[in-house]
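Trainee: I would like a close look at one part of this model, with the surroundings explained afterwards.

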Amino acid sequence: MDYFQYQDNQLYCEKVPVEQIAREVGTPVYIYSAATFAHHFQNLKKAFAEVNPLICYSVKGCGNIHICRLLAQMGSGFDVVSGGELFRVLQAGGRADTVVYAGVGKTDDEIQQAMGAGIAYFNIESEAELENLITLARNKDCQVKAALRINPDVDPKTHRHTTTGKKETKFGVDLERAMNVFEQFGRNENVRLHAVHLHIGSPINSTEPYIQAITKTLTFIDELRRKGFTIDTIDIGGGFGADYTTDQAPDAAEYAGAIIPLLKDKGLCLILEPGRSISGNAGIFVSRVLYTKQGGDKHFAIVDGAMNDLIRPMLYEAFHFIWPVTVANGFAVNTRREPMELPGTRKMDVVGPICETGDYLAKDRFLPPLKRGDLLSVFTAGAYGFAMSSQYNARPRAPEVLVTDSTFKIIRQRESYQDLIALEK
Ligand code: LLP
């Protein structure tokens with residue numbers, strides 16, 4: 001669900017024509033809808049209300065400080081994976097005591113920064129990291145709270161690059177070793193290890209992997225409690241899906257319906273770390289057709305956006321629905337499906353100007369007739385879109401625009417050529 005809809009053959013973001021933003025701000029451009037962020041956050045909150053979780057928005061998917069501020073104002077906590085993300089959250093007015101911090105390679109500086117800020121939980125990924133945290137906390141004579149990230153060895157059935165909860169990944173500690181970790185460190189005074197964390201992958205478009213992983217984790221928590229350890233919190237990570245095609249992902253109520261019965265009455269506080277399910281459908285990426293051409297039997301639309309702006313198609317062979325911003329009669333679609341072979345469409349690849357064959361935004365898509373100057377919207381680009389962008393081929397990064405009802409605001413300017421070299425001087 002999102003607030004990007006066609007009216008009278010024009011794509012709107014809330015009440016603003018996307019064409020107007022492209023004209024005034026230029027292309028390529030990321031456009032976010034504040035109402036869509038709010039909808040997905042509130043929906044999740046409502047769906048899980050019975051167990052009153054701390055929702056920690058995952059900054060890595062879309063970390064612009066204006067977006068973090070929006071989430072903070074709605075009462076969200078934050079999931080961070082670096083000192084830089086913690087800095088973003090604090091700059092945005094987020095509360096440190098609602099921040100959870102995961103990551104396999106936290107540096108001493110980052111740990112000290114997070115201890116100084118007073119974050120809620122360090123999500124510990126290894127024995128060595130825990131030993132280091134204990135040393136740093138003892139040296140500072142302070143007490144911090146930590147969750148051990150366990151690796152429940154469950155297949156989330158998603159792309160291999162974003163599968164994180166199987167035994168052979170670098171994340172967390174497997175269940176056998178996790179018990180030893182508690183036995184060795186579970187009663188430490190400086191690092192209070194009273195919580196368990198898991199994050200098994202992203203996106204997970206079914207509830208089954210959560211049920212398996214949480215069930216295994218609860219058995220482990222029971223065992224810990226029998227041995228006398230205090231466990232008061234479970235953080236089940238992120239990974240809820242977004243709609244790259246209409247109704248692809250379960251909605252918040254479906255995830256909650258599967259998860260709440262497992263956790264109810266277990267005497268555990270629940271933490272959620274949703275990223276994509278909040279930001280994914282809240283953003284589109286808009287670029288302009290520069291040229292069309294034919295190569296053999298293939299037809300190409302060459303646009304001014306590229307893999308440096310949105311790397312997901314190349315990196316994960318990810319599907320993003322693409323459609324013109326202004327369409328002729330009969331082509332206005334508010335349902336996104338794959339494929340969309342409407343009469344009058346032609347099969348095309350949408351590609352960027354970068355000097356790599358893998359520089360594409362879409363392959364073999366049936367699109368209405370396109371010509372130079374037309375605008376194309378790439379949907380569900382709010383998560384891991386701008387956040388994973390680069391300056392490859394010396395392309396200044398695209399701006400980010402936030403729409404609220406009938407107004408829009410540039411929340412990150414387009415980079416200039418000077419920006420490309422500023423740190424090289
Ligand atoms: N918590 C932890 C510990 C994570 O590692 C992640 C994502 C999340 C929460 C948020 O997951 P989400 O709710 O957004 O699925 N670049 C990839 C996704 C990588 C996800 C990394 N970790 C993509 O574009 O699909």
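Trainee: How many residues surround the ligand, and which are the closest?

Mentor: This is a predicted model, in which local features need pLDDT of at least 70 and side-chain atom pairs count only at pLDDT 80 or more, while totals for chains, interfaces and linings use all residues. Residues are numbered from 1 along each chain as its sequence is written, and side-chain values use heavy atoms, with hydrogens and water left out. The ligand is surrounded by 17 residues, each having a heavy atom within 4 Å of the ligand. The closest are Ser202, Glu273, Arg312, Tyr316 and Tyr384.

Some polar contacts (pairs of N or O atoms within 3.5 Å) can be placed exactly. The side chain of Tyr316 has an N or O atom 2.7 Å from a nitrogen atom of the ligand. Oxygen atoms of the ligand are met by a backbone N or O atom of Gly275 at 2.8 Å and by a polar side-chain atom of Tyr384 at 2.6 Å. Taken alone, the ligand exposes 590 Å², of which the protein buries 91%; these areas come from the Shrake-Rupley method with a 1.4 Å probe.

For the wider fold, take helix H8 (residues 208-226), a DSSP run of H or I with at least four residues. Its 19 residues reach 27 Å from first C-alpha to last, close to the 27 Å expected at 1.5 Å a residue. Among its buried residues (under 20% relative accessible area, 1.4 Å probe, protein chains only) are Tyr210, Ile214, Leu218 and Ile221. Seen down the axis, the buried residues of H8 fall within an arc of 165 degrees, taken from the directions from the axis to the C-beta atoms, so they line one face of the helix. After H8 comes Gly228, with a positive phi near 95 degrees.

Conventions
Polar contact = N/O pair within 3.5 Å; in protein donor to acceptor, adjacent residues only side chain to side chain. Helix = DSSP H or I, 4+ residues; strand = E, 2+ residues; numbered from the N terminus. Expected span 1.5 Å × (residues − 1). Buried < 20%, exposed > 50% of the residue type's maximum accessible area, 1.4 Å probe, protein only.
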